[in-house]
Amino acid sequence: MTTHEIHPVLGVGFGPANLSLAVALEERGRAGLAHFIERAPEFQWQQEQLLPGADIQNNPFRDLAMQRNPDSPHTFVKYLAARGDLTDYLHLNAKFPLRREYSGYLAWVAEAFRDQVDYGRSAVSLSLVEGDDGSELFRVDTDDGGRYLCRSVSVGTGRSPRIPYAFQKGLGESVFHSTQYLSSMERFKDKAIRVAVVGASQSAIEIILDLLGRPNVRQVTAVHRSIGFRLKDTSPYSRQVFLPQFVDYFHPLPSAKKRRLRDELRSINYAACDQDVIDRLVGVQREYDLTGSDRLVMQPFREAVISRPHGQGHRMVLRDINHLTEETLDTDVVILATGFRDFGGEPGDEPYHPLLEGIAHRLPLDEEGTPVVARDYSIELKTEAGTPRPLKVYLNGLCEASHGMGDAGALAMLSVRATDIVDSILSHDHEKLLAAGIAP
């Protein structure tokens with residue numbers, strides 16, 4: 001017998017993606033339809049990368065609700081007005097708001113949904129169970145022994161960090177991904193250190209600038225496979241990838257054409273940086289050159305092939321990707337600003353989110369062994385002929401491989417994607433919700 005409450009929708013993770021889902025459900029009069037679990041003790045967004053001067057690289061009015069409902073109480077403009085900051089913000093005439101300010105906006109909206117969220121609970125498994133009426137349900141277990149039952153799941157956890165092979169067995173206090181940057185650096189604030197930053201992304205250059213502002217950092221070495229920090233493609237034509245009509249164009253393409261198109265458009269969002277941070281770093285580097293300082297060292301066209309403990313720090317073997325020559329680099333701390341894993345069969349990809357392992361046998365797969373994700377961001381589980389309507393898992397912000405670059409953690413698509421998912425949930429579960437007395 002089922003003794004746990006059955007949630008119509010359970011959101012795993014309560015970052016911007018599932019927060020936007022909560023907002024969209026409220027607008028449709030379905031605020032009680034979803035419940036959420038979040039591993040952090042309270043709402044937070046990019047807490048480890050709230051660096052001085054860092055902005056969000058996104059038009060702030062493409063927020064949780066504005067594109068769908070300009071009158072929503074949960075827009076960025078309403079947040080500024082509620083704080084009495086609207087005039088001051090407009091006076092700044094800034095292209096993008098600071099990351100810290102946008103984090104405050106998201107937390108402000110999240111507070112309105114606090115009663116729908118269990119904070120401090122991390123999902124460790126997703127499986128299937130049979131309900132009292134014989135229908136299938138999702139079961140989500142948490143790290144503290146909690147258990148949730150639901151009819152639909154929205155996975156909004158973000159993608160898995162991409163860890164280069166050389167570092168996969170050496171992660172720890174002094175070798176870590178950029179998503180752990182600020183808290184990890186606290187351990188070294190009273191120690192003189194040398195730091196290597198691997199990667200050429202926006203995060204990499206922001207971290208390098210932050211490190212160079214720390215008096216205890218003796219030297220920063222930037223290691224990347226490219227010639228250097230390249231300028232991001234910010235053309236309005238290229239940035240059409242962040243529009244819903246591009247998703248309509250991209251989603252039905254064959255896998256091979258999707259990969260080609262993503263490679264072609266890569267500089268819009270990957271291994272590329274904004275002009276302002278490039279200018280700042282070039283200025284700092286020039287100052288060091290003029291004074292003969294080696295505090296900033298560039299290692300272009302390099303990849304780490306070996307990383308191992310050495311003395312009190314680490315020794316990396318770097319290989320020039322063109323000449324294939326090798327050299328060693330000794331450092332105290334290694335920061336991996338190497339992005340996140342996609343779903344797919346390419347090197348470094350993962351076939352699906354790790355949370356889906358418990359239902360992997362029911363996932364429909366394409367020719368590459370990757371789950372088939374519908375246009376509404378759902379995976380419809382396989383069932384036997386004649387069985388009731390199948391269960392759906394929604395991938396909220398995890399679908400770059402199937403839906404394009406606008407799903408790569410981009411804030412611009414939040415409200416549009418949430419609308420698509422809510423429409424699907426209400427349509428898919430209408431009969432079940434009627435029976436439960438939740439739908440009209």
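For the classification of lining residues, Ala, Val, Leu, Ile, Met, Phe, Trp, Tyr, Cys and Pro count as nonpolar, Asp, Glu, Lys and Arg as charged, and the others, Gly among them, as polar. On this basis, the lining of the largest cavity in the present structure, a predicted model, divides into 6 nonpolar residues, 1 polar and 1 charged. The residues concerned are Val241, Phe246, Phe250, Leu261, Arg262, Leu265, Gly404 and Met405. Because Asp, Glu, Lys and Arg count as charged and Gly as polar, the charged member of this lining is Arg262 and the polar member is Gly404. Two helices, α7 (244-250) and α8 (255-264), each supply at least two residues of the lining. The structure holds 1 cavity of 30 Å³ or more, and the space in the largest cavity amounts to about 30 Å³.

Strand pairing was examined next. Strands of a sheet pair through backbone hydrogen bonds, either parallel or antiparallel. Both senses of pairing occur in the model, with a parallel sheet of 5 strands and an antiparallel sheet of 3 strands. The sheet of 5 strands is open and has the order β7-β14-β8-β9-β10. Its edges are formed by β7 (175-177) and β10 (296-299); each of these has a single partner strand, so one side of each is left without a neighbour in the sheet. On average, and with direction ignored, neighbouring strands of this sheet are turned by 20° against each other. At the β10 edge, strand β9 (residues 217-223) and β10 are joined in the parallel sense by 4 bridges. Within this region, Val220 stands opposite Leu296 of β10.

The sheet of 3 strands is likewise open, with the order β11-β12-β13 and antiparallel pairing. Here β11 (302-310) and β13 are the edge strands, each pairing on one side only. From one strand to the next, the twist averages 25°. The antiparallel strands β11 and β12 are joined by 8 bridges, and Ile306 has Val317 in β12 as its bridge partner. Strand β12 (residues 313-320) also pairs with strand β13 (residues 326-331), again in the antiparallel sense, over 6 bridges. In this second pairing, Arg315 has Asp330 in β13 as its bridge partner.

The connection between β12 and β13 closes a hairpin, with 5 residues between the two strands. Most residues other than glycine have a negative phi. Leu324, in the loop between β12 and β13, has instead a positive phi near 65°. At 59% relative accessibility, Leu324 counts as exposed, because the threshold for that class is over 50%. A positive phi, near 50°, is also found at Gln46, likewise a residue other than glycine. Gln46 lies in the loop between β2 (34-38) and α2. With a relative accessibility of 34%, Gln46 counts as partly exposed.

Aromatic contacts were then considered. A pair of aromatic rings is described by the distance of the centres and the angle of the planes. A search of the whole structure returns 14 aromatic pairs. In one of them, the ring centres of Tyr79 and Tyr105 lie 5.8 Å apart and the planes meet at 55°, so the pair is tilted. This pair links distant parts of the chain, since Tyr79 belongs to helix α2 (residues 76-83) and Tyr105 to helix α4 (residues 99-111), with their positions 26 residues apart in sequence numbering. Both Tyr79 and Tyr105 are buried.

Tyr79 and Tyr105 also take part in a cluster, in which ring pairs link Trp45, Phe61, Phe76, Tyr79, Tyr89, Tyr102, Tyr105 and Trp108. Another member of this cluster, Tyr89, is found in helix α3 (residues 86-92). Tyr89 has a relative accessible area of 7% and is therefore buried, the limit for this class being under 20%. The C-alpha atoms of Tyr89 and Val77 are 9.8 Å apart in space, while the two residues are 12 residues apart in sequence.

Conventions
Residues numbered from 1 in each chain as written. Predicted model: local features only at pLDDT ≥ 70, side-chain atom pairs only at ≥ 80, totals over all residues. Heavy atoms only, no water. Pairing = 2+ DSSP bridges. Axes fitted to C-alpha atoms, helices over the stretch in contact; angles between N-to-C directions. Phe/Tyr/Trp six-rings, centres within 6.5 Å; stacked < 30°, edge-to-face > 60°. Buried < 20%, exposed > 50% of the residue type's maximum accessible area, 1.4 Å probe, protein only. 1 Å grid on protein atoms, 1.4 Å probe; cavity = no way out; pocket = protein on both sides within 12 Å on 5 of 7 lines; lining within 4 Å. Points joined across faces, edges and corners; volume = space filled by probe spheres on them.
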